[in-house]
Amino acid sequence: MRKLVLFLHASLDGFVEGPNGEMDIGWVSYDADLEKHAKEILSTADTVIWGRGTYQMMHSYWPSVPSNPSASQHERNHAEWIEKTAKIVFSTTLEKVEWNNSRLVKEDVEEEINNLKQQPGKDMVILGSPRFAHHIMQLDLIDEYKITVSPVLIGKGLPLFQGLKEKINLKLIENKTFDSGAIGLVYQTVR
């Protein structure tokens, strides 16, 4: 059975977005080590799952990377990966998605995720989309939490965990320390 993995960057004080809604900008200790770590995580997935906001943000940027002369090799490789990867967008307000290999799901989130888990293939990863992730956490559909904690306190913003109605037991299955001081944590949901 395929796993649903949440992959997010967080500050040490538990925020995934800064006070102005910024994700991963300026406060994430992103360097070559974290690039390699992210590539390893994404190599285990063949499907990306997003909410509306993250889909729109990603679609506005990544398709233009291959033709951008100032794009790094890492950005070009990621753009190539994301272009060919299946993208499932959950939104009740979007009317359509136009990115290659994208599909829009407007209802029955829990049923759709459970059906996707039964299909053959690699893992599915929620990449960003913290508000959507909050909803999926409440439904207890996440099988692994892959969180990279940056050594910074940002004071306020969007919390990593919000609105949980019941306890979710987790088991630490991996941790890595990076030269930047960031820590990569992998927790498996215990059911």
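**Exercise 1. Work out how exposed Glu40 is, and what it pairs with.**

Start with the number: in this predicted model, Glu40 has a relative accessibility of 34%. Buried means under 20% and exposed means over 50%, so Glu40 counts as partly exposed. Next, look for a partner. Glu40 makes a salt bridge with Lys176, and the closest N and O atoms sit 2.8 Å apart. Now place both ends on the chain: Glu40 belongs to helix H1 (residues 32-42) and Lys176 to strand E9, so this pair ties together distant parts of the chain, 136 residues apart. Finish with the other end: Lys176 has a relative accessible area of 26%, so this residue is partly exposed too.

**Exercise 2. Trace the salt-bridge network that includes Lys3.**

Begin with the whole structure, where a search turns up 12 salt bridges. One of them joins Lys3 to Asp123, with 3.8 Å between the closest N and O atoms. Lys3 is in the segment before E1 and Asp123 is in strand E6, 120 residues away. Now check burial at each end. Lys3 is at 28% relative accessibility and therefore counts as partly exposed, whereas Asp123, at 11%, is buried.

Move on to Glu144 and Lys146, which form a salt bridge with closest N and O atoms 3.6 Å apart. Both of these residues are buried. Put the pieces together and you get a network of salt bridges linking Lys3, Asp123, Glu144 and Lys146.

**Exercise 3. Lay out the sheet and find its edges.**

Write down the strand order: E5-E4-E3-E6-E1-E7-E10-E9, which makes 8 strands in an open sheet with mixed pairing. The edges are strand E5 (102-105) and strand E9 (170-177), each of which pairs on one side only. Going from one strand to the next, the twist averages 25°.

Now zoom in on the E5 end. Strand E4 (residues 86-90) pairs with E5 in the parallel sense, over 4 bridges. Here Val89 stands opposite Leu104 in E5. Then add the helix: H4 (residues 109-118) lies across strand E1 (4-11), strand E3 (45-51), E4, E5 and strand E6 (123-127). Relative to E4, H4 runs at about 160°.

**Exercise 4. Find the largest nonpolar core and say which elements feed it.**

First, the general idea: in soluble globular proteins, nonpolar side chains tend to be buried together. In this model, the largest nonpolar core has 26 residues, and Leu4, Ile49, Ile126 and Ile136 have the most contacts inside it. For the sources, E1, E4, H4, E6, H5 and strand E7 (144-150) each supply at least two residues of this core.

Next, pick Ile49 and list what it touches. Leaving aside neighbours within four places in sequence, the contacts of Ile49 include Leu4, Ile88, Phe90, Ile113, Leu116, Ile126 and Phe132. Apart from the largest core lies another one, of 22 residues, and Leu42, Tyr55, Ile82 and Val125 are among its members.

**Exercise 5. Sort out which residues of helix H5 are buried, and what follows the helix.**

Take H5 as residues 130-138. The buried residues here are Pro130, Phe132, Ala133, His134, Ile136 and Met137. Then step past the end of the helix: H5 is followed by Asp140, which has a positive phi, near 55°.

Note on methods
Residues numbered from 1 in each chain as written. Predicted model: local features only at pLDDT ≥ 70, side-chain atom pairs only at ≥ 80, totals over all residues. Heavy atoms only, no water. Pairing = 2+ DSSP bridges. Axes fitted to C-alpha atoms, helices over the stretch in contact; angles between N-to-C directions. Contact = heavy atoms within 4.5 Å. Buried < 20%, exposed > 50% of the residue type's maximum accessible area, 1.4 Å probe, protein only. Core = buried A, V, L, I, M, F, W, Y, C linked by side-chain atoms within 4.5 Å. Salt bridge = Lys/Arg side-chain N within 4 Å of Asp/Glu carboxyl O.
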